Amino acid sequence: MIDKRHIDALNDILGDKGVVTRPEDLEAYETGARYDRGRTSLALRPATTEEVSAAVAYCVANGIALIPQSGNTGLVSGSTPDQSGDEAILSLDRLTKCFELDLDNRSVRLDAGFRLSDLNRRLEEHGLFFPIDLGADPRIGGMIATNTGGSRFLKYGDVRRNTLGLKVVLADEDGTVLDLQCDLRKNNTGVDWKQIFFGTSGAFGIVTECVLNLEHLPQQTATALLVPASGAAVMPLLRAMEERLGAYLSAFEGMSSNAVKAAFAHVPSLKNPFQAGQVPDYVILAEISRTWAPREGEQSLDAVLESALAEIWEMESAPLADAFVGPPHEIWALRHALSEGVKHLGKLIAFDVSFRRGDIMAFCDHMKAEMPSKFPDVTVCDFGHIGDGGVHFNLVVPKDSDLLRDETFEPRLREWVFAVAVEEYHGSFSAEHAIGRRNQAYYDFYTPDKLKDMAAGLKTLTSPGKLGSVRFG
């Protein structure tokens, strides 16, 4: 446990509002978004980069391990402490002072503690947004640390692509502040050092400020639920949509029958557009968008989408079996209800994996065929960002299943899923949630020794102190 003299010293550095020690107040910092729960005796809440630097310097000098915590919405145990009680949380929740909008540069400089929803609320009046669409509401620092993608990655890319600059506090005895806050989109004057802080779960340094690229809010959208002719037809359907719609195409989200049924069961108010309410084996949510208001004489986006779908229907070996064009708010409501719907079916074991686009459906079909013999009682409820190769491969076990009484069950299941994903289909075991303690063993196993040595070297170079939940060595 962290003793009182350290708590008193950190109180002097951060003030009364900057240190949390009461057990009832610490619970929110100890508890993750889904299933992880650790123990801590201390949560630090600095309000400025300078306070982060001072607190980190003190902790490094006194051997106190720090877990950076942003919005605490991650799913891989990357932002919560372990069970020892010896790790302190360093939260970004008070880093919300700096907000400087540059309309000419179409960028914003802000503190890393802003939530995504708060950022976009401020930008909306200017017709702009930060184009990372997520079901959760994380803070910006955590989005950078995990390099999140989201449902519109297909059009806008990930956080890395939309970040121009960073300010980072390193975990060394000086609490070194590394200012990489370049506002430029083109700058080839040497190594782009900010890149080493994306996707490393905060282990190389704590992001306190950033400069983000912004995009214009879509003013026209059209959406449809598409039923592919078969699993093998999903990729031909995507290619046909891209050929006909180009940059208009902003989302191509896959949803399995089991996941859609779970959403309908959990949210009865959702509209079921399928004939006689029968959910197809697989459904695609497709969206197209424009950033300008409708112009006189211009074909509406609904008409553009319907025209493209009509052409695809006329293709030889048409990859499309059916389509339902509908209001965006209704169709996206179904997509956003999937996670909660699946979670209420039973014990959820979630995987965030990615593949070459052409391998996604082959992997999912393979797993569905093999699952009954490998792990009876496990239901596959997959959905994900088919347009960018990402899959939320969710597995559900009934709460009364004998499998849940077998301590070896979940480790065996995880090892099998990752072995198939990585070794047979050459995919990634972490598409957009970074590593965290939950994926540590798979990082250790699948990462070549030379790359682990290089990562460990960078960790030692940037933040030799005890920072983050991930071991890169």
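Contact here means heavy atoms within 4.5 Å. Everything below comes from a predicted model.

**Figure 1. F393 and its neighbours in the largest nonpolar core.** Start with F393, one of the residues with the most contacts inside this core. Setting aside residues up to four places away in sequence, F393 touches I349, A350, F351 and V353. The list goes on with F363, M367, V380, D382 and V417. F363 turns up twice, then: it touches F393, and it is also named among the residues with the most contacts in the core.

**Figure 2. The two cores.** The largest nonpolar core takes in 110 residues. Besides F363 and F393, the residues with the most contacts inside it include L44, I140, L226 and M241. Which helix gives the most to this core? That's α13, residues 409-424, with eight residues. Apart from the largest core lies another one, of 26 residues. V260, F324, W332 and C381 are among its members.

**Figure 3. The whole chain, for orientation.** The protein chain has 15 helices and 19 strands. Its C-alpha atoms fill a box of roughly 75 × 60 × 45 Å along the principal axes. For 473 residues, a compact globule would have a radius of gyration near 23 Å, and the chain's own 23 Å agrees with that. Buried residues make up 55% of the 473. Take the contacts with a separation of 6 or more: 72% of them join residues 24 or more positions apart. On the outside, the accessible surface is about 20,500 Å², and carbon and sulfur atoms account for 49% of it. As for charge, there are 48 positive and 67 negative ones, with mean positions 2 Å apart.

**Figure 4. L164 in strand β8.** Is L164 buried or exposed? L164 is buried, because its relative accessible area is 8%, and buried means under 20%. The strand it sits in, β8, covers residues 163-169. Leaving out neighbours within four places in sequence, L164 is in contact with N105, S107, C182, D183 and L184. R185, K194, V211, L212 and N213 are contacts of L164 too. For a sense of distance, pick V422, 258 residues from L164 along the chain: the two C-alpha atoms are separated by 32 Å.

**Figure 5. T379 in strand β17.** This strand is just residues 379-380. T379 has a relative accessible area of 34%, so it counts as partly exposed. Beyond its neighbours within four places in sequence, T379 is in contact with N258, N394, L395 and V396. L345 is 34 residues from T379 along the chain, and their C-alpha atoms are separated by 9.5 Å.

**Figure 6. Two loop residues with positive phi, S317 and D377.** Most residues other than glycine have a negative phi, so positive values are worth a look. S317 is not a glycine, and its phi is near 55 degrees. You'll find S317 in the loop between α9 (301-313) and β15 (320-326). With a relative accessible area of 68%, S317 is exposed. D377 isn't a glycine either, and its phi is about 85 degrees. D377 lies in the loop between α12 (360-374) and β17. How accessible is D377? Its relative accessibility is 44%, which makes D377 partly exposed.

Notes:
Residues numbered from 1 in each chain as written. Predicted model: local features only at pLDDT ≥ 70, side-chain atom pairs only at ≥ 80, totals over all residues. Heavy atoms only, no water. Core = buried A, V, L, I, M, F, W, Y, C linked by side-chain atoms within 4.5 Å. Buried < 20%, exposed > 50% of the residue type's maximum accessible area, 1.4 Å probe, protein only. Helix = DSSP H or I, 4+ residues; strand = E, 2+ residues; numbered from the N terminus. Rg over C-alpha atoms; globule rule 2.2 N^0.38 Å. Areas by Shrake-Rupley, 256 points an atom, 1.4 Å probe, with all protein chains shown as cover. Lys, Arg positive; Asp, Glu negative; His and termini not counted. Charge placed at Lys NZ, Arg CZ, Asp CG, Glu CD.
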